Amino acid sequence: VGAEQTTAGLSVLSDHAVPATLILVGVSDTVDGLIEQHGSVERALVQVRMPRMSSDELEHIVTRGLELLGMTIEPDALAHVAALSQGLPHYTHLLSLHAARIAIDAGLDCIDTTHVVQAIGRALDKAQHSIRSAYAASIASRHERNYYPDVLLACAGVAAPFEPVTR
């Protein structure tokens, strides 16, 4: 169901005072980004802000998951996963999953930074088309020396020794 259909359905429920409680989960900086087609729905909503997770929380996700597998991760690699995740647990899971698979394929039980760098490539290979398109558009340049990938990485606040991955 698309966002427009969801907000239209909420509008109908609200207009007819249907005694129901719905839990909607969406990702946006503001509720406006989630209900932009039907602003009238806002009066029937209770907004619960979900702040981004701390580095400690993200690192706990990784170490706990690896513990269950009998694996470990080097401190620098763990810090890179947390930094790259930018407080979003989806990316923590995604990067650590790929990094763990890469380490296992190499016969290792400890993830290092090279595994995390390779995991970035795998995650990009499997990224949604809309994300890939937005990235490609944001780094496009007609100049021979294109600084946009570096600028985008800097804007993301990632101060890591990674080379931009181009796909």
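**Figure 1. A salt bridge joins R145 and D150 in this predicted model.** Let us start with this pair, whose closest N and O atoms are 3.3 Å apart. R145 is partly exposed, with a relative accessible area of 47%. D150 also counts as partly exposed, at 34% relative accessibility. Searching the whole structure turns up three salt bridges, and the next two views show R64 with E67 and R122 with D105.

**Figure 2. R64 and E67 pair along helix α3.** Here the two side chains meet in a salt bridge, with an N to O distance of 2.9 Å. Why are E67 and R64 separated by about one helical turn? The two residues are three apart in helix α3, so about one turn lies between them. This fits a general rule: an α-helix has 3.6 residues a turn, so residues three or four places apart point the same way. E67 is exposed, with a relative accessible area of 53%, while R64 counts as partly exposed at 40%.

**Figure 3. R122 and D105 form a salt bridge between two helices.** The side chains meet at 3.8 Å, N to O. This pair links distant parts of the chain, since R122 sits in helix α6 and D105 in helix α5, 17 residues apart. D105 counts as exposed, because its relative accessibility is 60% and the exposed class takes in values over 50%. R122 is partly exposed, with a relative accessible area of 31%. In general, side chains of opposite charge can pair when their charged atoms come close.

**Figure 4. Helix α5 carries a row of buried residues.** The buried residues of α5 are T92, L95, S96, H98, A99, A100, I102 and A103. What covers them? The cover includes α3, α4, β2 and α6. The length of the helix can be checked too: at 1.5 Å a residue, the 17 residues of α5 should span 24 Å, and the end C-alpha atoms are 24 Å apart, which agrees. Just after α5, look for G107, which takes a positive phi of about 75°.

**Figure 5. T92 and L95 are two buried residues of α5 to look at one by one.** T92 lies in helix α5 and is buried, with a relative accessible area of 0%. Which residues does T92 contact, leaving aside its neighbours within four places in sequence? They are L58, I61, V62, V81 and S85. With residues up to four places away again not counted, L95 touches V81, L84, S85, A119, I120 and A123. V81 and S85 therefore appear in both contact sets, where contact means heavy atoms within 4.5 Å.

**Figure 6. Helix α4 (75-85) is covered by helices and strands.** Buried in α4 are A77, L78, H80, V81, A82, L84 and S85. Their cover includes α3, β1 (72-73), α5, β2 (110-111) and α6. Just after this helix, Q86 takes a positive phi of about 55°.

**Figure 7. The largest nonpolar core has 18 residues.** Within this core, L66, I73, L95, I111 and V116 touch the most other members. Two or more residues each come from α3, α4, α5 (89-105) and α6 (113-125). Which element gives the largest share? That is α5, with five residues.

**Figure 8. V46, V48 and M50 make a nonpolar patch on the surface.** After the core, here is a view of the outside: the patch covers about 390 Å². V46 is found in the loop between α2 (31-35) and α3 (55-69). Is V46 buried or exposed? At 75% relative accessibility, V46 counts as exposed.

**Figure 9. The whole chain gives the setting for the close-ups, with eight helices and two strands.** From the N terminus on, the order of elements is α-α-α-β-α-α-β-α-α-α. Of the 167 residues, 24% count as buried. The chain exposes about 11600 Å², and carbon and sulfur atoms supply 56% of that area. Among contacts with a separation of 6 or more, 57% are between residues 24 or more positions apart.

Notes: Residues numbered from 1 in each chain as written. Predicted model: local features only at pLDDT ≥ 70, side-chain atom pairs only at ≥ 80, totals over all residues. Heavy atoms only, no water. Patch = residues over 30% accessible without salt bridge, like charges linked within 9 Å, V, L, I, M, F, W, Y side chains within 5 Å. Areas by Shrake-Rupley, 256 points an atom, 1.4 Å probe, with all protein chains shown as cover. Salt bridge = Lys/Arg side-chain N within 4 Å of Asp/Glu carboxyl O. Helix = DSSP H or I, 4+ residues; strand = E, 2+ residues; numbered from the N terminus. Buried < 20%, exposed > 50% of the residue type's maximum accessible area, 1.4 Å probe, protein only. Core = buried A, V, L, I, M, F, W, Y, C linked by side-chain atoms within 4.5 Å. Expected span 1.5 Å × (residues − 1).
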